[in-house]
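Here is a short briefing for someone meeting this structure for the first time. Keep the view open while reading.

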Amino acid sequence: MADRISLTVDGQSYDVPDGCSVAAGVMQSTGLTFRQSVGGEARGPLCGMGVCFECRVTIDGEAHQRSCLLSCRDGMQVETGQQTASFAYASGSERRNVECDVLVVGAGPGGVSAAVSAAEQGRRVVLLDENAHIGGQIWRYDASAPTANPVDAWRTRLVDANVTITARAAIVAQPATNELLADVASGPVAIRYTKLILACGARERFLPFPGWTLPGVFGAGGLQALVKSGYDIANKKIVVAGTGPLLLAVGAYLCKRGADVTVLEQTPREKLLRFAASLAWRQPSKLWEAFWLQWHIGLFSYHPGCWVVRAEGAHQVHAVMVSDGQSTWSLACDALACGYGLVPNLELARLLGCAIDAGYVRVDATQQTSVPGVYAVGELTGIGGVDKALVEGQIAGWTAAGRHDLAADLTLARDTAENFVAALDETFSLRDELRLLPDKDTIVCRCEDVAYGPLQSHRDGREAKLQTRCGMGPCQGRICGPAVEFLFGWHNDSVRPPILPTTFAKLI
Ligand SMILES: Cc1cc2nc3c(=O)[nH]c(=O)nc-3n(C[C@H](O)[C@H](O)[C@H](O)COP(=O)(O)OP(=O)(O)OC[C@H]3O[C@@H](n4cnc5c(N)ncnc54)[C@H](O)[C@@H]3O)c2cc1C
Ligand code: FES
């Protein structure tokens, strides 16, 4: 990103790298605080992927834009919530109609392999994604180091097979049977389909602890996404904490970008060793990958059996308190990147009435959900990584195109990938001590500033929602929902359109 462009933030002009996201541009220019919460707390980006709404700003007069999803343009005017923003909303434009044989929602590994598989069998395929670039989470476009990305080869196949790719398009509602409504920058688009493949992926699970709302506390994948979109972390001291293989991937990536990284994994060492031993004979390539990532981070910078109990700082995080269950100690840091595994993005599957089993979309051997003609792939059917997403995408794409014979050949590969899901779930299960982290004043619902104390007296999530507004902010419970499920056992099975905030004008 050699070229620089001009970005105006709260009336001041700054030079930022061409190609960076608005969130990265603002972080580089004015710092980590983007808005004030309803209770007046300073807040900054958390998820880096369009889920938490903590990075929202006003861009060129249009309010409530998620700055992590948008790229900077030369001359762009940004107002953070620290200024009095002039709240104007984009007016709606005429709804366009599109028809296809197969609609694929989500352009991560699962979605691109599904789209290619169906299109190469001659089907008219539309592939859309809320992000500006295809690739999903693992193959996210890296503006800080544009190098070869596995998604490039898939893009060539998508283009050769005439797939219609629509980026920055979020599915928000289902206006009619076999029709979904996409909120696209150019206006609303109603897409009619014969078959639908859901490849909506996952987001990080965040657990509340004192200080987790401070600017500078990010998700683990969240910080990685922000760095890939242009945020410079060279020479910064970063604690990566939480659980799961993602911590290794993020830690190694941040090291490569010049940060000084310490990784805290809540899973005890003995459990990790058992997992490694099982990988050695089942999937040695994954074990080798894990060793390689750990080598990059530094063997003495990876600490199993430890977790963050508090983040400290006046206006942004400057230290974390860490525990191993026996003692606590302080670690100075410039940022904390903390995520407790992944949870699937079930909102659209739920809206369509797909059955959910044990937290994942229920599918048969052809990836078909309980709704005929609707398929689900990738993280939606179990958190299992890129190999699982790719093979399930192929099965769904071929089945949707009527090629059951081709899909049947992949049954063994799918079963192998699914064995990994159970092993991951078992190894990285959350320890009970994490339920004790929040105190009565710790914010649980970041959108509505609902603290842990007032939630404790409620019998279920519905009562808590009605009495406290927990889960009723713009993220629609995507952040606090998995947290209250872990803390109180409250499940949120309901979903209402629009599944993502949009303007009224685009819905009618
Ligand atoms: C933040 C994060 C970082 C990760 N980083 C790594 C990593 O570094 N290494 C690694 O091995 N694995 C990583 N993973 C795991 C990785 O995502 C999976 O292994 C794999 O990519 C899953 O593929 P998928 O196709 O199921 O979903 P994803 O890759 O998550 O793709 C889903 C896509 O669906 C889109 N989408 C969702 N809902 C809608 C909607 N309503 N409308 C339009 N589009 C929608 C999303 O924008 C997203 O691009 C990460 C996961 C997360 C959540
Ligand atoms: S950081 Fe942009 S929505 Fe979460």
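The points below go from the whole chain to the ligand and then to local features.

This is a predicted model. The protein chain holds 15 helices and 28 strands. Ligand 1 lies between two domains, because both give residues to its shell.

**Overall build**

- The C-alpha trace of the protein chain spans about 60 × 60 × 55 Å along its principal axes.
- A compact globule of 508 residues would have a radius of gyration near 23 Å, and the protein chain, with 22 Å, agrees with that.
- Buried residues make up 49% of the 508 residues in the protein chain.
- Take the contacts between residues at least 6 apart in sequence: 64% of them join residues at least 24 apart.

**Around ligand 1**

- The two domains that supply the shell are domain 2 (96–203 + 343–424) and domain 3 (206–340).
- There are 35 residues around ligand 1.
- Those that come nearest are Gly 108, Gly 136, Gly 201, Gly 221 and Gly 378.
- Six elements each supply at least two residues of the shell: α2 (109–119), β11 (169–176), β14 (202–204), α4 (220–228), α5 (246–256) and α9 (386–400).
- By type, the shell divides into 18 nonpolar, 12 polar and 5 charged residues.

**Helix α1, mostly covered**

- Helix α1 covers residues 22–29, and 6 of its 8 residues are buried.
- The buried ones are Val 22, Ala 23, Ala 24, Gly 25, Val 26 and Met 27.
- Their cover includes four strands, β1 (4–9), β2 (12–17), β5 (56–59) and β7 (76–79).
- Helix α4 is also part of that cover, and α4 supplies residues to the shell around ligand 1 as well.
- After α1 comes Gly 31, with a positive phi near 110 degrees.

**Hairpin β20–β21, hardly covered**

- Strand β21 spans residues 328–332, and the count of buried residues among its 5 residues is 0.
- Its partner is strand β20 (residues 319–323); the two pair in the antiparallel sense over 5 bridges.
- Within this pairing, Ser 323 stands opposite Thr 328.
- The hairpin has 4 residues between the strands.
- In this hairpin, Gly 325 takes a positive phi near 90 degrees.

**Backbone exceptions**

- Most residues other than glycine have a negative phi, and most peptide bonds are trans.
- Arg 168 has a positive phi, near 50 degrees, although it is not a glycine.
- Arg 168 sits in the loop between β10 (164–166) and β11.
- Arg 168 counts as partly exposed, because it has 18 C-beta neighbours inside 10 Å.
- Asn 235, also a residue other than glycine, has a positive phi near 65 degrees.
- The loop between α4 and β16 (237–243) holds Asn 235.
- Asn 235 is exposed, with 9 other C-beta atoms within 10 Å.
- The peptide bond from Pro 497 to Pro 498 is cis, with omega near -5 degrees.
- Pro 498 lies in the loop between α14 (480–488) and α15 (504–507).

Note on methods:
Residues are numbered from 1 along each chain as its sequence is written. Chains are lettered from A and ligands numbered from 1 in the order in which they are written. This is a predicted model: local features need pLDDT of at least 70, side-chain atom pairs count only at pLDDT 80 or more; totals for chains, interfaces and linings use all residues. A residue is near a molecule or strand if its C-beta atom, placed from the backbone, lies within 6 Å of it. Ala, Val, Leu, Ile, Met, Phe, Trp, Tyr, Cys and Pro count as nonpolar, Asp, Glu, Lys and Arg as charged, and the others, Gly among them, as polar. Domain bounds come from an automatic or database domain assignment. A residue is buried if 20 or more other C-beta atoms lie within 10 Å of its own, exposed if 12 or fewer, and partly exposed in between; C-beta atoms are placed from the backbone. Two strands pair if DSSP finds at least two bridges between them. The radius of gyration is taken over C-alpha atoms; the globule rule is 2.2 Å times the number of residues to the power 0.38. Two residues are in contact if their C-beta atoms, placed from the backbone, lie within 7 Å.
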